Protein chains: 2
Amino acid sequence: MLKQPLITDDTYEMLTFKTLTEREKIMTDTVNWKNIHDHVVEWVLEAGESLKRAVKGHLNVESKSSPDDLVTNMDKQTEQFFINKVRTSYPGHQIVSEEGFGDEVKSTKGILWFIDPIDGTMNFVHQKRHFAISVGIYEEGVGKVAVIYDVISGDIYHCIAGHGAYINDEKLDELDSGELKTSVVAINGTWLSKNRRIDPEIVRGIAEHTRGTRSYGSAAIELAYVAYGILDGYLSMRLAPWDFGAGLILIDEVGGKATQVDGQPLQLLEQNSILIGKKGVHAEMLRYVQEGIQGGKYVQQK
Amino acid sequence: MLKQPLITDDTYEMLTFKTLTEREKIMTDTVNWKNIHDHVVEWVLEAGESLKRAVKGHLNVESKSSPDDLVTNMDKQTEQFFINKVRTSYPGHQIVSEEGFGDEVKSTKGILWFIDPIDGTMNFVHQKRHFAISVGIYEEGVGKVAVIYDVISGDIYHCIAGHGAYINDEKLDELDSGELKTSVVAINGTWLSKNRRIDPEIVRGIAEHTRGTRSYGSAAIELAYVAYGILDGYLSMRLAPWDFGAGLILIDEVGGKATQVDGQPLQLLEQNSILIGKKGVHAEMLRYVQEGIQGGKYVQQK
């Protein structure tokens, strides 16, 4: 039998509101980012175990906006897992996530989580590897915590902003400036072929001046590789905030440069084109894009 | 002090020749491919340990034919390791290998080893991962044993022809026919951009009709992925026999199709263009190339 409540519903509601407001204030003033970071690492490892089991079994695959835009039961289930975790542990925080179970976020105020439960779903389906869980957390639009977990390789790229970035237990070096002619840059074949967003001649001009291009099919992994220094740059004409939210924090932490493809600052709540790299490599790639625009070549501006 | 030899140099030489000839005869008649396969697996694991140690230390990198054609002390050292092993255990066999310590082989007679000590040297240098040791062994031009070791991931793709192909201990499935529109195909950006070997419009036509393209920078790994069914096809305009020797045997074993890019049979002792895939995917890709040639587009023929 339920005990008589000590407080009525009305007073409870008043107290709850008061408590939440105070809690939110504390979180904003003195957020324990270490605690959040450690939670995220714990959660991606737990979710990763489910994904490893899933790739050994049957996947329920659907198409989203186009036949090539795949989603699985595991994308949805993993996103729900994270949302439940965040709602329980950090109720004042907002969530921007791929499968739409998060919040409708209109501003970068407060604490925002950018969650991609499976970045590289096509790889997840076709290859059962080369996919990642990507979690980036921002406060007032400033990157604070990033975790990218390449589930099958087992590598976790992670950082608390201002305290260095890591692959597993190994601290990542500050990136050198680099130069395009000795660089390896991730560019998907889409942008080298006919497409609606950029004149492929511009992208080919960049590709031809690198040492080589690569394409792995997971933006989160490709951005983590840039932060790790095993790729020197990355170009894509279309990434959502949950794709680049975590990677951007990592790249910032190691001294890389990230903008839209025409050099404009990235917009955290929108789809963006993205140009990322070691500072020197970014500058050279940007020069090719800007010369293309000046020469009348098509580059999608917002 | 040296003992008096029991036989003189002259009789020794005669005996040795006689013994070798007999041994060669036995090997050609009743070669123990299981034994050879197990040796190769043992050797790639041993060489892999050296490569893992090397990527943690200093690499001595040189350029070969062009600034982008890298070679390291480890390419040479690993090739020498294999050549010593083969010369000792299988003295009648011939070796075709990347760094040139092998034999000058003019025909496919007898038993030929195609050895790439580090396939993906640029990855080895830049990424310290995504490189492989590739060993393919042929008898009278027919593939017999293949081993591709993706050193850092730890995956070994291997087979004895006619006895199934494996990744580690897991038997690979026979490939289904596949279709281009749901396929993921490995194509490097080089062939989508201006190049001397193929009109990039042909390759872009293929790429646009896939579900997506990838590029990993190691042909041996890409061919192993096709055999494993996690890529559906692969196109390159220039591979050496040591690049594709092992992969070809694996793909044959699982029922995939491999030709030159215009449909001609592959030549084991020459550089080739390569078109490889599930049978249906190969046929569709080939049709784009043939239509291109008929339409007057440039494709390098030998």
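This tour goes from the relation between the two chains to a pair of helices in chain A and then to one helix in chain B. Keep in mind that the model is predicted.

**Stop 1: the two chains together**

Start by displaying chains A and B. A turn of 180 degrees, with a shift of 0.0 Å along the axis, lays chain A on chain B with an RMSD of 0.0 Å. That is how a two-fold axis relates two copies. The copies also use the same surface, as 100% of the contact residues of chain A recur in chain B. To find the axis in your viewer, select A:Ser215: its C-alpha, at 2.3 Å, comes closest to the rotation axis of the residues of chain A.

**Stop 2: two helices in chain A**

Next, select residues 219-228 of chain A, helix α6, and residues 241-253 of chain A, helix α7. Their axes come within 9 Å and cross at roughly 5 degrees. Angles under 35 degrees count as roughly parallel, and α6(A) and α7(A) are therefore roughly parallel to each other. Now show the side chains where they touch: α6(A) contributes A:Ala219, A:Ala220, A:Leu223, A:Val226 and A:Ala227, while α7(A) contributes A:Asp243, A:Phe244, A:Gly247, A:Leu250 and A:Ile251.

**Stop 3: helix α3 of chain B**

Finally, move to residues 73-89 of chain B, helix α3. What caps its N-terminal end? Look at B:Thr72, where a side-chain oxygen lies 3.0 Å from the backbone nitrogen of B:Met74. Try the distance tool between the end C-alpha atoms of α3(B): they are 24 Å apart, which agrees with the 24 Å that 17 residues should span at 1.5 Å a residue. Then colour the buried residues of α3(B), among them B:Met74, B:Thr78, B:Phe81, B:Phe82 and B:Val86.

Technical notes: Residues are numbered from 1 along each chain as its sequence is written. Chains are lettered from A and ligands numbered from 1 in the order in which they are written. This is a predicted model: local features need pLDDT of at least 70, side-chain atom pairs count only at pLDDT 80 or more; totals for chains, interfaces and linings use all residues. Side-chain values use heavy atoms; hydrogens and water are left out. Helices (H or I, at least four residues) and strands (E, at least two) are DSSP runs, numbered from the N terminus. The expected span of a helix is 1.5 Å times one less than its number of residues. Buried means under 20% relative accessible area, exposed over 50%, partly exposed in between (1.4 Å probe, protein chains only). A polar contact is a pair of N or O atoms within 3.5 Å; within protein, one must be able to donate a hydrogen and the other to accept it, and residues adjacent in sequence count only if both atoms are side-chain atoms. Copies are superposed by least squares on the C-alpha atoms of residues with pLDDT of at least 70 in both. Contact means heavy atoms within 4.5 Å. Axes are lines fitted to C-alpha atoms, for helices over the stretch in contact, and angles run from 0 to 180 degrees between N-to-C directions. Angles under 35 degrees count as roughly parallel, over 145 as roughly antiparallel, 65 to 115 as roughly perpendicular and the rest as oblique.
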